[in-house]
Every structure is written in C-alpha cells, then in structure tokens.
Amino acid sequence: MTHTAMRQELKAFYWNNNNIDRAREFAARCFAILDELATPELSVMEQKLLQYRVIAREFDPVIFPHCPFYYEPGTMTSVSDGARYAKGSNFIQASGWVYQRNQQVFQDQNPALWERTQAQKRELLYLICGPYNDVSQHFNFNNRPILEGGLKSVYEKAQAALAETTDPQEREFLQGVMEGMRILRTCAERFADKAVAMLAGEKDPEARENLERIAATARRVPWEAPKTLYEALNTLAFMRKFVGALEGVGPNTFGRVDVDLLHFYKADLEAGRLTREEARGLIGRFLVMWDCHYDHDMTMVGYADHELENTYTLGGCDGEGNPVWNDLTQFFLQATREEEVIFPKIKCRFSSESPKAYLDEINRAVIAGTSTILYQNDEATISALLGTGRSLADARDYAISGCWGIADNGSEKYDHGSYLNLLKPFEFALHNLRDKMEATGLDLEAYDGCGSFDEFYAITIRNIRKLFETRLDTTRRGGQVWHKADALPIFSSTLRDCMEKRQDYTLGGGKYRDDYLLCFGLPNIVDSLLAIRKLVYESGKYTLEEYLAAVRANWQGAEELRREAIATTGFGDGGEESTAMGARFQGDLYAIASSIPGTYGGRVHIGHLTYTEIRWWGEKTLATPDGRVSGDYFSQGLTPSRLKKIPSVTDVIRTLAGMDASTMGANNVVNIILPSTRMDLNLCEAFLRSVAKSAIMSLQLNCTTREQLLDAQKKPEQYPNLIVRVCGFSARFTSLSLQWQQEVLSRNFYE
C-alpha cells in the first residue's frame, strides 16, 4: 500500500514553515488571552487549568480526509514531541505559558547554586533537560488506564478519591485531574464537529468513509474505553498529541503495542469487524501518519535534527516470561519495512529464547541496509531492572522510550537525558585545569607524582565520586521547587500511585523517585588506565611525567608513545586484562552511585549512554591517555573506542559478557557494524542469541560496509534507502551532513 493521497495531505501540512508560523501565532494569541485572564492569587494548578481551557477553546482541529485518525490539534510544530519549547524554532509554544510564567523560581530560590550549576553545564560536566530537573522531555505517559477504561474511568477514580479527602492540596490535585479529563473529552468532541462540517462538501468516497468514522467515534473515544483496534490506535495518537498540546511535556512512547492492543485485534477478528489484512493496513496508516511529520531528506547538521522522540516497543516476554510474538508484532514490523517508515522509532526486545520467526522478521530490513530498529536485550535488561529493586512482573513488562530509556510501564517519570561526563574530571585532573575546577566548584586531585598505578586509579575514582556528588546535589538542592513552576495533572493522572497518594508528580507522586545517571567515557577511561599501567608502571618505559607531558601537548612530539598507547590492550578486545579492568571500573562506579542517596529519597542508578555529545562534547575535550587527540570523538556508551581496530565482534561480546548488567539500571548502548556482504538471516539470528548472553542492553546494529558508505557519498541517488543508526535515532545516510557521515565512517567495522 502506498497511501498516496494520505501522504500528500500530511506532507502538505507538516513539510513547510507554515506549521511553525501557525504554532507561533497560536502561542501568541493564547498568551495574550491568558495574560489578560490571569490574576495574582491563582495557584500554579489553577494557572494550569486556565491554560488547558484557553488552548482547548482556541485550537482548530486538523483532520486529513484521507487519514482515518483524529489527533492533530495544530498548536505545535511538526517536529515537536510535545515539549513546550519549539525545537529548532526558538519560541515557547502555547502549552508553555504556566512554566514560562513561573520558571524564575528555580533561579530565585538560590542564586549561588544557580550560577554554579550554569558553570558546570557550560563546562560540560553533565546535561539536564531543564534547570535542575528534566521538566519537558522523556515523559512516558501511561496509556493503559485510558485503553482499559477511557478518560471516564480516570475521572471517576479522581472523583471517588475527592470524596474521601479534606486536604486542600489533595483536593486541588484531584479536581485538576477531573477537569483535565473533561477538557480532553471536549477536545475529542470538537473533532467530531469538524468531521461533520467537512462531510457537507466532501465527495471522495474514501475521504467520506474516514470523516463518517471520525464523526461517529470522536464523540465517544477516548472518553469511553476503545472497543476496536482502530479506536485503540486512535487513543494512542490522540493522547500523544494532546498531552503535549495541553500539558507542555513530551510523551515519548506508545508502550508495548503488540501486548496492549492484542485483545482489541482479537475481538475485531472474532466479531468479523476486521480481517488480518485490514488490520495490517490500519497499522500501516498509523505508522505512515507519524512518519510524514518531517522530511527524511533534510540534512542533519545540528544536535537532534532527525529526532522526534516517538517510540513503541515490540516483542520481549509476557508476565510469565514467555516470548511475545503475535500477529500485531508481525504487522508492525512488516508495515515498517514495506512502508519504509523511520518514525516512530521501533524498539525490539529479544532474548536467547526468542522465536526464530520473530528474529528473522526484525532482521530482514537491517541486513538489507535499513537500520531503523533498536535491539533491546531482555536478559540483560530484566537483570538490570531487578537490580534497581523492581518486581519481576514490572521488570518483565518494561518498554523502551526516547532514545534508549528503560521504563517499566507507568510507574515513574524517568530522566533519560541526564548525561554525566566521566571524562571531565579526568580531563581537569590530567591537564591541571585549575581555572575550570574553580569555576565549577570541583576540587580535584592531580595525578602528578603518583607512585603506583593503584594510587593513580584511586585518584580517578575519588575525582569521579566528586562529580557524582555535585551532580546529585544540584537537583537535591535546586529541584524541589518544580511544583512552584508547573503542575502536571494530566500526566500524573495515569502514573501509578499519583492518584493513590493524591499528589501531582511534581509534588512527589509516582511509585518510584529514583535518579538515573547516564555516564559516558567508560571505554576511553578504561583504555587510558590500561595504557598508563602498561607503559608507565609495568614496563617502566616511560615515566608518568613523560606520559602526562605527552597528553598535555596533545601528543605533539610523542607520536611513538601515542602509537604504543593505542596498541595496548583495550576495552572490547576480549582480553582478560581489558575485561577485568572494565568490570572493575564499572563496579566502582556502581559502588559510588549506591552509596549516595537519591535526590528524592530513592536510589541512584547508572548506565552508559551517549547521544550526539560523542561529537559535540568530544570537540571540546582535550587529549586523553588512550591516544585520543583533542577534539576527537568519544566512545558511545559501552562501544569500544574507534582507536582500537578490533577485528572480531566476538571479542566485543566476550568483553561485555564479563560485565554485570545488574549494576546498570539506567541501561547501556553498544554500536556494532557488521558486513552486509556476509550477513544473512541465520548469521544475524546466531549473533543476536550470543549478544543475549552478554551485558549488552541496547544494541545499535548496522549492516553495511565502509565501501558501500563511501559509494553512497559519491552517488547518493543510488542509495535512497540506506538507513543507518546514528545515535538514539536512525536517518538516511545520504541525509547526514559530511561531518556526520564521517562520524559513521570512523566507527569500527567488524568481520
């Protein structure tokens, strides 16, 4: 199916600057109305409900006649994931009025802390998607209560709880939830009105069928629980858009669609409402709808140009541990392949027990050079979730959101963008950057004069501990005023335990309140430690002073030493020394995290993930003892350094099998490029089953060759569907800028 008319309508709406102008003009209109209506005595919750009402009244529903789904409010830019800031367009969308009005509270509460935090961010010690908290992205909205009982069931739950409390704060939250549900109902009903109006002048039979369906359904769903696969899919679409349009935060996942939607599909089949082919076609249109939100051929230049933060999860296991592989799993995979869909981002859970048919289905496109799938290793991931204290049932039921974020369904707002730069304290101490230490408040120990490797290693760990402590202190002291800046009653309404606690998430609702620190730099630091131990403390060929001088000089005049440093054993080569050092270093990082209390009283979990910082932050980091020169790339997650030309992927797996996945509750990512000239379904299946026994969690697999990529640079017109996994998202190789193409080309290509 090509869905030509539907694609044309969607592209005409999304693929131009009009959608940016429309969102900007809508925000300006709503801001003017809200500013006029707001009074000083309004609480933050009352401000948020006022924002809901004005947006719900002012928006004009957008219906595409050749698309069967109703979901588009027309209030945000096409590439917006729902976050209040219009990515790439430099303005606050209408859903950001409350937050913009109150955000100064973060700075005003402690100006000295604010200045220190800004300095630490400028020096790239860490990333926070907000002032002290991730206040706009990586919100995993829990759709299950809506799928099971509709908005009405959430409303009634809040209503029942309201009758049992006299606490003013609890009552305000519950009333906010109830009004949020009523407003969402009104928004859906407006699509029904719009469809009826459009029917009067519509003569195209397909368009009339869609409009009649929308007119009949939107008055009932999602207020009432969906009953069919179509209604369930539309519920997911509607909630994704309207959580963003009203709440101002980005919901990042549709969840486990082949689990959550299966009973709707089966009921349709049993009632004769739908055939298997019709179901597959409906899923295809659902995916195409999202895929048409942006032009895949636009050149990727910036930080996240091809990033829409839209995901769903397939496969894995059920509550009893049995593999999930059903018609819906197959339909989503086939539709993604046949419709050439890049977004939504598809996350496929797998294990050594996965059915061959399932592995073959997820591998078909990848071995053909279309790498749109993130492979998530169930065995390592479930072990990691159990290590965080999750129940077995919650651990088995996880989804993957955003780029690589592990999320057990509906129990927590995870911060999947909280990057922690292990290389910065390493760099500051190696290069004696006292001015940087003073600016960031990090008093680090210098390496000069270390008499033994154990002393050198101990300083590394103590300096990194200081980074952990200052990062956690930042949110602990600064992030507690979030509820004074914004309220999130719609998001909180389905988050487990918020309703039971009768608390908005910003006030402490939610089942868990843990911290997730996504570290990067482990392979570079491990390789540096191995090189220094070998060349300084074991062989004695160089003094520590000579080695440090070479690094501080960016290896100028020390080319032989650099060659020897690169040639030493390194992380990912499968050797006993490197594997032991990687496990030791990870164990010490885990011990640090486990010894520090979380910012909200929960635990601190670490992982190893890196986004496009591998380039942007790498460009601003000085030389390191592994042979890396100033400005060169970082390793991504637990991917071996590209300086180490490791020929066999088996060595990489052997190294990662020597690490403990249960200590990486915040996930890890590994990039692998295998030769397309040698891969087939059987080899790819065997490779995945071996990966399943390692600590690799998120696998970004590309099947291509360096020669193929170089040819695509010269003749891009011949490679329209050569899609590579970049970092957290996929893109056509020919749409990458030359700089990003070079980053891919510089990676390790394994035998």
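This report walks through a kinked helix, one buried valine and some ring contacts in a predicted model.

Residues are numbered from 1 along each chain as its sequence is written, and side-chain values use heavy atoms, without hydrogens or water. Local features need pLDDT of at least 70 and side-chain atom pairs pLDDT 80 or more, while totals for chains, interfaces and linings use all residues.

**Helix α7 and Val-177**

Let's start with α7, residues 144–162. Helices here are DSSP runs of H or I, at least four residues, and strands are E runs of at least two, numbered from the N terminus. The end C-alpha atoms of α7 are only 22 Å apart, against 27 Å for a straight helix of 19 residues (expected span: 1.5 Å times one less than the number of residues). A kink of about 100 degrees is centred on Gly-150; the bend is the angle between axes fitted to the seven residues ending there and the seven starting there.

Val-177 sits in helix α8 (residues 168–199). Among its contacts (heavy atoms within 4.5 Å) are Val-154 and Ala-158, both on the list of buried residues of α7. Val-177 is buried too, at 0% relative accessibility (buried is under 20%, exposed over 50%, partly exposed in between; 1.4 Å probe, protein chains only).

**Charges over rings**

Two arginines lie over ring faces, where CZ of Arg or NZ of Lys must be within 6 Å of the ring centre and within 35 degrees of the ring normal.

| Arginine | Ring | Distance to ring centre |
|---|---|---|
| Arg-513 | Tyr-600 | 4.3 Å |
| Arg-533 | Phe-453 | 5.4 Å |

Conventions:
Lists of a residue's contacts leave out its neighbours within four places in sequence.
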